[in-house]
Amino acid sequence: MEIGLHVANFTWPGGPGAIAEQLTRVVTTAEDIGMARVSVMDHVWQIGPLGPPEEPMLEAYTTLGYLAARTSRVELLAWVTAVSYRDPGLLAKIISTLDVLSNGRAWLGIGAAWNGEESDGLGLFFPSTAERFERLEETLRICLQMWSDDDAPFEGRHYQLGRTLNSPQPLRRPHPPILIGGGGEKKTLRLVAQYAQACNLFGGDDIERKLDVLRQHCADVGRDYDEIEKTVMVGIDPGKDGENVDQLLEQLRGFAALGFTEAHGWVPGVEAITPLEILGERVVPEAARF
């Protein structure tokens, strides 16, 4: 099992003027200790579970472009892109650009979006839930077409593209991997079965049922269930002095037994670097044996 870092909080000592330096230290340390991926949220305000909306929040793809220049091995993605915040032709171009500039390390993490409050606040497009899911499927189709040799027009219900030209193409072929976030059993997991290389589920009590639902969707669309990487979003807290390491490893071992190959999440106090060093010494190498 691999471990990935989700950076979801930029309320760090020193204020905005220190964010770039501290973020660089956090992410390069994550790379140095062997973490597989680094992600940031696609939000423009801080989200309720983590803090008030007034706390600092960086725009996702500007941040990932910055991190592409500061790293060399770790894979990069938004966890997950809000489908309604960017038109799909532009999104496909953004991911292609990130992949080229990172030497083939970009993923497309995407979901149907949920934060109506920030959307209303900044005037971002935010249609109904049903429409967002329709747009999510069309966006996936457009990205896959733009990452292929087909530059024909695209005619959908919500999007019409006159020519799906995309140059340069991503370095990773046939295309950057697609991760669809969320565990919705009727729509989200069906889209995973049909389009994605990876799913992302939260580590709750219903996680085994979610996997069974995904397995059935794969059977329905003729997809090999084992082709899809299973990732789980969890808090990764080794403790200030490593006191939680044994418990964390036991949790990760349980996820691995279910077929998950990456645990991805936030690390409390990550800006202090010490929690990452503990993970690098005692968790990352041990989890790799699962």
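## Close-up views of the predicted model

**View A. Asp-32, at 61% relative accessibility, counts as exposed.** The coordinates in this and the following views are those of a predicted model. The partner of Asp-32 is Arg-73, with which it forms a salt bridge whose closest N and O atoms are 3.8 Å apart. Because Asp-32 belongs to helix α1 (residues 19-32) and Arg-73 to the loop between α2 (60-70) and β3 (75-78), the pair ties together parts that are 41 residues apart in sequence. Arg-73 also counts as exposed, its relative accessibility being 51%, a value to be read against a cut-off of over 50%.

**View B. Asp-151 and Arg-163 form a salt bridge.** The closest N and O atoms of this pair are separated by 3.1 Å. Asp-151 is placed in the loop between α5 (129-146) and β6 (154-155) and Arg-163 in the loop between β7 (160-161) and β8 (178-181), so that the salt bridge links distant parts of the chain, 12 residues apart. Asp-151 counts as partly exposed, with a relative accessibility of 29%, whereas Arg-163, at 54%, counts as exposed.

**View C. A salt bridge joins Glu-185 to Arg-209.** Here the closest N and O atoms are 2.6 Å apart, and the pair links distant parts of the chain, with Glu-185 in the loop between β8 and α6 (188-195) and Arg-209, 24 residues away, in helix α7 (residues 207-221). Glu-185 has a relative accessibility of 25% and therefore counts as partly exposed, and Arg-209, at 43%, also counts as partly exposed.

**View D. Glu-229 takes part in a network of salt bridges.** The network links Glu-229 with Arg-37, Glu-75, Arg-172 and Glu-262. Glu-229 lies in strand β10, which covers residues 229-233, and it is buried, because its relative accessible area is 17% and the limit for burial is under 20%. Leaving out residues up to four places away in sequence, the residues that Glu-229 touches include two members of the network, Arg-37 and Glu-262. Glu-229 also touches Trp-107, Gln-197, Ala-198, Cys-199 and Thr-261. In the structure as a whole, a search finds 19 salt bridges.

**View E. Two cis peptide bonds are shown, one before Val-80 and one before Pro-174.** Most peptide bonds are trans. The bond from Trp-79 to Val-80 is cis, with omega near -5 degrees, and Val-80 is located in the loop between β3 and β4 (81-82). The bond from Arg-173 to Pro-174 is likewise cis, with omega near 10 degrees, and Pro-174 is located in the loop between β7 and β8.

**View F. Asn-103 and Ile-273 have positive phi values although neither is a glycine.** Most residues other than glycine have a negative phi. For Asn-103 the angle is about 60 degrees, and this residue sits in the loop between α3 (88-101) and β5 (108-111). For Ile-273 phi is near 75 degrees, and the residue sits in the loop between β11 (262-265) and α9. Their surroundings contrast, since Asn-103 counts as exposed at 64% relative accessibility, while Ile-273 is buried with a relative accessible area of 6%.

**View G. Gly-280 and Ala-288 are shown towards the end of the chain.** Gly-280 is part of helix α9 (residues 274-282), and, neighbours within four places in sequence left aside, it is in contact with Ile-33 and Pro-285. Its C-alpha atom is 27 Å from that of Tyr-61, a residue 219 positions apart from it along the chain. Ala-288 belongs to the segment after α10 (284-287) and counts as exposed, with a relative accessibility of 55%. Between the C-alpha atoms of Ala-288 and Thr-97, which are 191 residues apart along the chain, the separation is 31 Å.

**View H. The whole protein, with its 10 helices and 11 strands, gives the setting for the close-ups.** Its radius of gyration is 19 Å, close to the 19 Å that the globule rule gives for 290 residues, so the protein is as compact as a globular protein of that length. The C-alpha trace spans about 55 × 45 × 35 Å along its principal axes, and buried residues make up 53% of the 290 residues. Of the contacts between residues at least 6 apart in sequence, 71% join residues at least 24 apart. The side chains include 26 positive and 42 negative ones, and the centres of these two sets lie 4 Å apart.

Methods: Residues numbered from 1 in each chain as written. Predicted model: local features only at pLDDT ≥ 70, side-chain atom pairs only at ≥ 80, totals over all residues. Heavy atoms only, no water. Helix = DSSP H or I, 4+ residues; strand = E, 2+ residues; numbered from the N terminus. Rg over C-alpha atoms; globule rule 2.2 N^0.38 Å. Buried < 20%, exposed > 50% of the residue type's maximum accessible area, 1.4 Å probe, protein only. Contact = heavy atoms within 4.5 Å. Lys, Arg positive; Asp, Glu negative; His and termini not counted. Charge placed at Lys NZ, Arg CZ, Asp CG, Glu CD. Salt bridge = Lys/Arg side-chain N within 4 Å of Asp/Glu carboxyl O.
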